[in-house]
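Got a minute to walk through a model together? Have a look at it first, and then we'll trade some questions.

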Amino acid sequence: MASLFACALVSLLVTVGIVLALAGPTIEFFREVSPLDFFSAQEWAPTFSPASFGVLSIVVGTLNVTFWAILIALPMGLCAAIYLSEYASRRTRKVVKPVLEVLEGIPTVAYGFFALTFITPLIRDNWPGFLGDAPGIFSAGAAGLVLGIMIIPTVASISEDAMTAVPSGLREGAYALGATRRVVATRVVVPAALSGIIASFVLGISRAIGETMVVLIAAGNTPNLTFSPVQSIQTMTAFIATTATGDIGVGTITYKTIFAVGALLFVFTLGMNLISSWLVRRFREVYE
Amino acid sequence: MDRWRIRGGARQAVEAAGAETTLTVQGSRSRSEGWKSLAFIALLLFSVLIGLALLVTLIIDALVEGSSRLNLDLLTNFPSGVPERAGLQSAIFGTLWVIGGMIVTMLPVGTGAAIYLEEFANPDRWYNRLLEVNIQNLAAVPSIVFGILGLGLIVRGPLSLGSVAYAGSLTLTLMVLPTVILASREAIRSVPPSLRQGSMALGATRWQTIWHHVLPNAIPGIATGTILAVSRAIGETAPLLLVGATVFVTFNPDGPLSEGYTTLPVQIFNWVQRPQDEFRVLAAAGIIVLLVVLLAMNSFAIWLRNRYQRPM
Amino acid sequence: MSDGSMEVPVSEPAARPSAGVQPAGAGPRQEATGRAAGAARDTDVVMRTEDVTVTYDGIPALRDITIDIHRNRITAFIGASGCGKSTLLRCFNRMNDLIPTAEVRGSVLYHGEDLYQPGVDPVEVRRHIGMVFQKPNPFPKSIYDNVAFGPKVLHMKVDMDEVVERSLRQAALWDEAKDRLKDNALGLSGGQQQRLCIARALATSPDVLLMDEPCSALDPIATGRIEDLMVALREQYTIVIVTHNMQQATRVSDMTAFITVELDEHDNRTGTIIEYEETGRLFSQPADPRTEEYVTGRIG
């Protein structure tokens with residue numbers, strides 16, 4: 001029993017480990033770089049000399065890609081969930097749900113390749129001139145688009161679970177009042193499942209923030225303080241991945257920068273989690 | 001009679017004609033409402049189909065791009081600066097070592113934690129609640145953060161294993177652990193309580209009950225969760241970039257602790273990044289190989305689950 | 001579908017004298033029963049089923065049901081649980097459509113029009129025939145929004161405040177709810193929730209109200225209030241109630257149908273109507289021995 005408890009404890013130690021692993025080098029980082037510079041400088045060039053540590057560029061890069069991704073993923077994920085839970089026949093569901101799971105299992109490097117070699121050229125070739133400059137080979141928008149589609153299954157499956165859990169008595173009550181299927185879905189089931197839907201949204205956003213490979217491959221890797229979808233940008237995750245791949249000595253400022261950015265990323269997702277659990281509690285419906 | 005009148009338009013027509021009010025339940029909802037419902041269904045279907053369309057396009061795209069390099073040489077050659085001679089052998093062996101090490105580590109820890117939480121943990125104790133919340137939260141931590149954890153504590157720092165395959169195994173273990181624990185718990189929970197009570201009533205101890213009755217019945221569920229976790233780990237790239245899966249390895253690792261390894265997705269990533277078209281073809285071919293492995297594993301896991309899922 | 005076919009005179013139950021009907025402990029309510037029987041002469045038929053058979057997955061659950069539902073009457077379906085009385089009730093507003101395996105054959109006429117003929121919109125049907133369920137199922141919204149839900153989704157051009165107040169008054173919930181209209185309906189007690197569900201059904205001004213064991217989840221006091229409410233609502237609505245409680249049927253209903261399960265030639269358990277009669281008579285002088293066994297408590 002003690003050994004079983006130890007197994008469960010491992011999961012807790014992972015969290016502690018993450019915090020410890022991040023904390024040491026991050027603290028050392030801030031001994032060398034003032035937090036004020038970190039959060040207010042305009043330029044992000046930690047490996048250049050003279051180095052500049054304006055993390056805002058890559059934070060905005062992350063938000064840029066995340067914005068386009070969730071613009072796609074949240075509404076479409078919700079719609080897919082409504083379809084599966086309220087419209088699809090049992091047979092359709094039996095086919096579609098495994099396909100969604102397979103989609104969730106496709107490696108992100110494949111999505112990145114797809115964004116770079118298929119989606120981006122497709123957008124560039126069909127770019128309507130009145131929208132201004134066409135996106136480059138690397139663009140935040142193309143990466144965000146593919147990232148968004150990639151996240152649809154995550155949002156859809158969790159939202160669908162929440163909707164399926166809504167007691168059928170509520171649906172019957174609404175149908176008996178002459179509500180159409182659409183009204184039952186949008187006015188009764190979705191509000192009743194709101195807390196689960198919100199949880200799925202937050203998880204979707206977390207995934208968009210934390211995703212590395214798609215943005216690393218398709219969004220370019222140039223820090224750029226912009227919300228434009230047609231420009232090349234660098235995200236926090238892409239910075240970490242690129243920088244850590246090179247051979248960097250322990251104790252160098254570059255090494256510490258990786259941890260500082262990692263710590264910021266971890267704080268972001270932790271914050272999302274806290275917001276999520278607060279919202280879930282706030283909107284939780286007890287049906288009886 | 002007045003109260004039963006139903007259809008606005010028809011009713012007015014009838015009244016205008018001086019007839020008595022009729023009553024009808026024939027498809028009389030307003031036309032705009034019909035359109036709205038149709039548009040809504042179209043929107044829903046579109047949302048579902050775009051995912052499926054993407055899957056199909058992605059596979060076709062990779063097949064079209066990579067078909068010229070889909071041959072045995074791709075699997076048996078080592079990486080090379082010359083695209084015509086480059087292959088995946090060291091990446092395949094690297095993946096096998098990393099994933100093998102991960103499975104051996106993950107299974108006992110994950111199952112053990114699940115058994116503890118389901119069979120022994122008193123949910124009223126604060127530390128058990130903390131474990132629960134923690135596992136939920138870990139599931140949302142980005143994979144690259146696990147890479148940083150691996151870099152700071154496993155490759156360097158306290159464990160200082162260096163850039164060895166098992167460092168990758170450990171990092172991936174920590175990453176998929178929450179998924180495995182959640183899936184195993186679900187599997188254990190779905191074993192009917194009557195089975196436990198039956199066993200205990202015959203005088204079996206708690207341990208005997210778990211070992212002889214609960215676990216055997218939970219194995220399909222645990223296996224499903226494990227396969228899904230393993231397939232996720234096989235496709236994972238980002239954390240391995242941090243814990244030293246280097247991209248140009250022209251030899252197979254000869255053990256979990258031998259320095260220098262690469263894995264399939266890392267090798268593909270390397271090829272994707274090269275500007276030459278020949279490497280892009282290689283990347284596409286590599287993606288096909290990876291997808292075949294993963295789709296096979298996923299399909300098996302889903303089949304396994306549908307087979308053993310108790311009818312609801 | 002002519003107007004003529006809607007008006008089917010109901011002579012049989014009315015022709016029977018209601019004297020001698022003395023349901024236990026129903027002093028004042030006996031008068032209601034008697035009046036209904038007297039009024040039946042000129043009451044027309046609102047709904048009629050003709051040879052309705054319902055199958056689930058091809059296995060019949062109800063067979064050859066033919067029954068008339070009269071206006072401004074309370075009609076009760078009684079019978080042991082599992083006999084198909086709820087299934088029958090759900091034919092009247094096509095709620096069975098929501099069960100993929102269910103199939104309804106025969107016709108259910110509503111003012112002479114077959115609800116199951118092609119071209120009939122089940123959604124439209126439910127706008128005229130309201131329903132209250134066994135378990136109170138208020139939406140997890142405010143009391144006000146629960147009542148306003150129907151008129152809103154039906155795009156009824158009405159003064160919503162007025163509709164809410166009228167419906168809550170009709171459901172005898174206004175006094176308890178008027179100061180907490182914005183509160184979540186799930187904060188109400190079980191009996192209040194059920195009255196809210198009745199108010200919700202009344203808000204769309206239905207013609208017929210179907211009630212599927214509306215009191216089975218309630219305590220005796222709440223049950224009493226719902227029963228009083230039903231008797232009051234009979235003035236304006238046609239009510240069909242399913243109940244497993246015979247006392248309830250004698251207390252509130254004018255007409256009673258006894259449904260029971262029979263084994264058919266394929267050994268399927270199929271529900272059929274054994275006897276349909278004016279309530280007092282069905283309980284005091286059942287024509288069929290099976291009815292007598294049931295109402296005297298020997299079976300079920």
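What follows is a short chat about this predicted model.

Visitor: How many helices and how many strands does chain A have?
Guide: Read along the sequence, chain A goes α-α-β-β-α-α-α-α-α-α-α-α-α-α. Tallied up, the secondary structure comes to twelve helices and two strands.

Visitor: What percentage of the residues of chain A count as buried?
Guide: The C-alpha atoms of chain A fill a box of roughly 70 × 65 × 30 Å along the principal axes. To count as buried, a residue needs 20 or more other C-beta atoms within 10 Å of its own. Of the 288 residues of chain A, the share that passes is 56%.

Visitor: Which helix of chain A gives the most to the side that touches chain B?
Guide: Start with the interface itself, where 64 residues of chain A are in contact with 69 residues of chain B. On the chain A side, the top contributor brings 15 residues, and that's helix 1 (residues 2–32).

Visitor: And how many residues on that side of chain A are charged?
Guide: Split the side of chain A that touches chain B by residue type, and 45 are nonpolar and 17 are polar. The charged ones number just two.

Visitor: Over in chain B, how many residues of domain 2 are in contact with domain 1?
Guide: Chain B is divided into domain 1 (2–68) and domain 2 (70–307). Domain 1 puts seven residues into the contact, and domain 2 answers with eight.

Visitor: How many of the domain 1 residues on the side touching domain 2 of chain B are charged?
Guide: That side of domain 1 has three nonpolar and three polar residues. The charged count is one.

Methods
Residues numbered from 1 in each chain as written. Chains lettered and ligands numbered in written order. Predicted model: local features only at pLDDT ≥ 70, side-chain atom pairs only at ≥ 80, totals over all residues. Helix = DSSP H or I, 4+ residues; strand = E, 2+ residues; numbered from the N terminus. Buried ≥ 20, exposed ≤ 12 C-beta atoms within 10 Å, placed from the backbone. Domains from an automatic or database assignment. Contact = placed C-beta atoms within 7 Å. Nonpolar A, V, L, I, M, F, W, Y, C, P; charged D, E, K, R; others polar.
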